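Subject: Structure handover

Hello,

Here is the structure for your files. My notes on it follow below.

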Amino acid sequence: MTLDTLQEFDTRAGLAFADGDEELYREVLAMFLEQLNDEFAQLPEQLRQSSNELLARQVHTLKGSAGSVGATRIEAVAREITQAFKAGNVPDDSLLDALQTSMKAAHKELAALLN
């Protein structure tokens, strides 16, 4: 798999964030994969069980990380969840399903690319 074949990522945006340095971009993608494996792995399920300031911050962090690597679908869903929190609402199941689906798809692509 090559960067050009990634469907879940706007690689042009990600490369721009990395100043056009493909090696650096791949390193950042590897760090994002690690975050998906660790820090964010349980986030959709945690959001189904509870909503609190810590989880809201995690969603905000995910949104920023996703934006940095060009993970546009994750970024968009995380933005919607963040807006729901700011409006005092609990994210609905459809948003949480979309978050989980987009995270799994991005994870699958990155695992294939980087391994």
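How many salt bridges does the structure hold? There are seven. Please keep in mind that this is a predicted model. I describe some of the salt bridges here, then the aromatic pair, one helix crossing and a single serine.

Salt bridges

Glu8 and Arg73 are joined through their side chains, with an N to O distance of 2.9 Å. Glu8 sits in the segment before H1, whereas Arg73 belongs to helix H5 (residues 72–86), so this salt bridge ties together parts of the chain that are 65 residues apart in sequence. The two partners can also be described by accessibility. Glu8 has a relative accessible area of 14% and is buried. Arg73, with a relative accessible area of 35%, is partly exposed.

Arg48 takes part in a salt bridge with Asp93, where the closest N and O atoms are 3.6 Å apart. Because Arg48 lies in helix H3 (residues 43–49) and Asp93 in helix H6 (residues 93–114), the pair ties together parts 45 residues apart in sequence. Arg48 also meets Asp97 in a salt bridge, at 2.6 Å from N to O. Here too distant parts of the chain are linked: Arg48 is in helix H3 and Asp97 in helix H6, 49 residues apart. Through shared partners, salt bridges join Glu45, Arg48, Asp93 and Asp97 into one network. Within this network, Arg48 is partly exposed, with a relative accessible area of 29%. Asp97 also counts as partly exposed, at 39% relative accessibility.

Aromatic pair

Searching the whole structure turns up one aromatic pair. Its members are Phe9 and Phe32, whose ring centres are 6.5 Å apart; the planes stand at 90°, so the pair is edge-to-face. The cut-off behind that label is an angle over 60 degrees between the planes. Phe9 is in the segment before helix H1 (11–17) and Phe32 is in helix H2 (residues 22–37), so the pair links distant parts of the chain, 23 residues apart. Phe9 and Phe32 are both buried.

Crossing of H2 and H6

How do you want to treat the packing of H2 and H6? The values are as follows. The axes of H2 and H6 come within 10 Å and cross at roughly 130°. That angle makes H2 oblique to H6, and the crossing is left-handed. On the H2 side, the contact is made by Arg26, Leu29, Ala30, Phe32, Leu33, Leu36 and Asn37. On the H6 side, the residues are Met103, Ala106, His107, Leu110, Ala111, Leu113 and Leu114. Phe32 therefore appears both in this contact and in the aromatic pair with Phe9.

Ser68

Is Ser68 buried or exposed? Ser68 has 19% relative accessibility and counts as buried, because the cut-off for that class is under 20%. Ser68 is in helix H4 (residues 53–69). Leaving aside residues up to four places away in sequence, Ser68 touches Gly14 and Phe17.

Regards

How values were computed: Residues numbered from 1 in each chain as written. Predicted model: local features only at pLDDT ≥ 70, side-chain atom pairs only at ≥ 80, totals over all residues. Heavy atoms only, no water. Phe/Tyr/Trp six-rings, centres within 6.5 Å; stacked < 30°, edge-to-face > 60°. Helix = DSSP H or I, 4+ residues; strand = E, 2+ residues; numbered from the N terminus. Buried < 20%, exposed > 50% of the residue type's maximum accessible area, 1.4 Å probe, protein only. Salt bridge = Lys/Arg side-chain N within 4 Å of Asp/Glu carboxyl O. Axes fitted to C-alpha atoms, helices over the stretch in contact; angles between N-to-C directions. Parallel < 35°, antiparallel > 145°, perpendicular 65-115°, else oblique. Left-handed = near helix turned anticlockwise from the far one by under 90°. Contact = heavy atoms within 4.5 Å.
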